[in-house]
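The following questions and answers examine a single protein model. Please consult the sequence and the coordinates alongside each reply.

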Amino acid sequence: MSEFWAYLQLGFSHITDPGGYDHILFVVALCAIYNLNQWKQVLILVTAFTIGHSLTLALATLQLINYSTDLIELLIPITILITAITNFFHKVPKSRFTDEPQQSRGRYVLALLFGLIHGMGFSNYLRSLLGKETSIVKPLFAFNLGLEFGQIFIVMAVLIVAFVLIEILRVRRHDWNLIISGIVAGMALSLIINNEYLAQLF
């Protein structure tokens, strides 16, 4: 149980670590268009992302798939930028308790697909931790569970801030979305421009 708890904590700290803020940026961009009343939609969205990154995290950690680490490090900020840009075109629903079904379905697919890329990014860190572990099933599950808890923590923090600004301070939802998505897009663009792999290509 101590080993399980250790890997769970490592998963949580990895995704919430400000030093590796690319994953934080993606989760923030993913839920920026929602408010606290839409927690069910956000839960489904987070689950779609979790399914995606759980799959490739497991396959990559078990060395069943091979990929270029440098390419993944470039693709992750690209997924962040795309997610933030899609937020700019989001239409605020008439009811604050609902979201447009068509927009939601597309967003779930996007979260699932981008989760596949982020899972490969998570695997680099996990493989460095595992070393010569004889069995990696339990550490893999614990680490992934820690990632999920950390992800939910980030989502709840964003939704609470959104609630305070929108419901209490009366900031327009549209303005909140543009501001937070613009900040995330700018930071993602900076990561892309300064990416070493991209610099080598050009």
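**Burial, surface and internal space**

In this predicted model, helix α2 is mostly covered, with 10 of its 10 residues buried.

Q: Which residues in α2 are buried?
A: A residue counts as buried when its relative accessible area is under 20%. In α2, 10 of 10 residues fall in that class. They are Asp22, His23, Ile24, Leu25, Phe26, Val27, Val28, Ala29, Leu30 and Cys31.

Q: Which residues that line the largest pocket are the closest to its centre?
A: The largest pocket holds about 320 Å³ of space. Of the 16 residues in its lining, the closest to the centre are Gly20, Asp22, Glu73, Ile76 and Leu191.

Q: Which helices each supply at least two residues of the lining of the largest pocket, and how is that lining divided by class?
A: The helices that each supply at least two lining residues are α2 (22–31), α4 (69–88) and α5 (101–130). By class, the lining of the largest pocket has five nonpolar, eight polar and three charged residues.

Q: How much space lies in the largest cavity, and which residues line it?
A: A search of the whole structure finds one cavity of 30 Å³ or more. About 40 Å³ of space lies in the largest cavity. Its lining divides into four nonpolar, three polar and one charged residue. The lining residues are Ala32, Ile33, His90, Val92, Arg173, His174, Trp176 and Asn177.

Q: Which helix gives the largest share of the nonpolar patch?
A: The nonpolar surface patch covers about 890 Å² and is made by Phe12, Phe149, Ile152, Phe153, Met156, Ile160, Phe163, Val164, Ile168 and Leu169. Eight residues of the patch, its largest share, come from one helix, α6 (residues 137–168).

Q: Is Ile160 buried, partly exposed or exposed?
A: Ile160 is found in helix α6 and is one of the residues that make the nonpolar patch. Its relative accessible area is 45%. Because buried means under 20% and exposed means over 50%, Ile160 is classed as partly exposed.

Q: Is Pro139 buried or exposed, and how far apart in space are Pro139 and Tyr7?
A: Pro139 is also found in helix α6. Its relative accessible area is 2%, so Pro139 is buried. Pro139 and Tyr7 are 132 residues apart in sequence, while their C-alpha atoms are separated in space by 5.8 Å.

Q: Which side chains meet in a salt bridge, and is each residue exposed or partly exposed?
A: The structure holds one salt bridge. The side chains of Arg172 and Asp175 meet in it, at 3.4 Å from N to O. With a relative accessible area of 52%, Arg172 is exposed; at 29%, Asp175 is partly exposed.

Q: Where does Gln63 lie, and what is its phi?
A: Most residues other than glycine have a negative phi. Gln63 lies in the loop between α3 (39–61) and α4, and is exposed, with a relative accessible area of 57%. Although Gln63 is not a glycine, its phi is positive, at about 60°.

Q: Where does Arg170 lie, and what is its phi?
A: Arg170 lies in the loop between α6 and α7 (173–193). Its relative accessible area of 65% means that Arg170 is exposed. Arg170 is not a glycine, yet it has a positive phi of about 65°.

Conventions
Residues numbered from 1 in each chain as written. Predicted model: local features only at pLDDT ≥ 70, side-chain atom pairs only at ≥ 80, totals over all residues. Heavy atoms only, no water. Patch = residues over 30% accessible without salt bridge, like charges linked within 9 Å, V, L, I, M, F, W, Y side chains within 5 Å. Areas by Shrake-Rupley, 256 points an atom, 1.4 Å probe, with all protein chains shown as cover. Salt bridge = Lys/Arg side-chain N within 4 Å of Asp/Glu carboxyl O. Helix = DSSP H or I, 4+ residues; strand = E, 2+ residues; numbered from the N terminus. Buried < 20%, exposed > 50% of the residue type's maximum accessible area, 1.4 Å probe, protein only. 1 Å grid on protein atoms, 1.4 Å probe; cavity = no way out; pocket = protein on both sides within 12 Å on 5 of 7 lines; lining within 4 Å. Points joined across faces, edges and corners; volume = space filled by probe spheres on them. Nonpolar A, V, L, I, M, F, W, Y, C, P; charged D, E, K, R; others polar.
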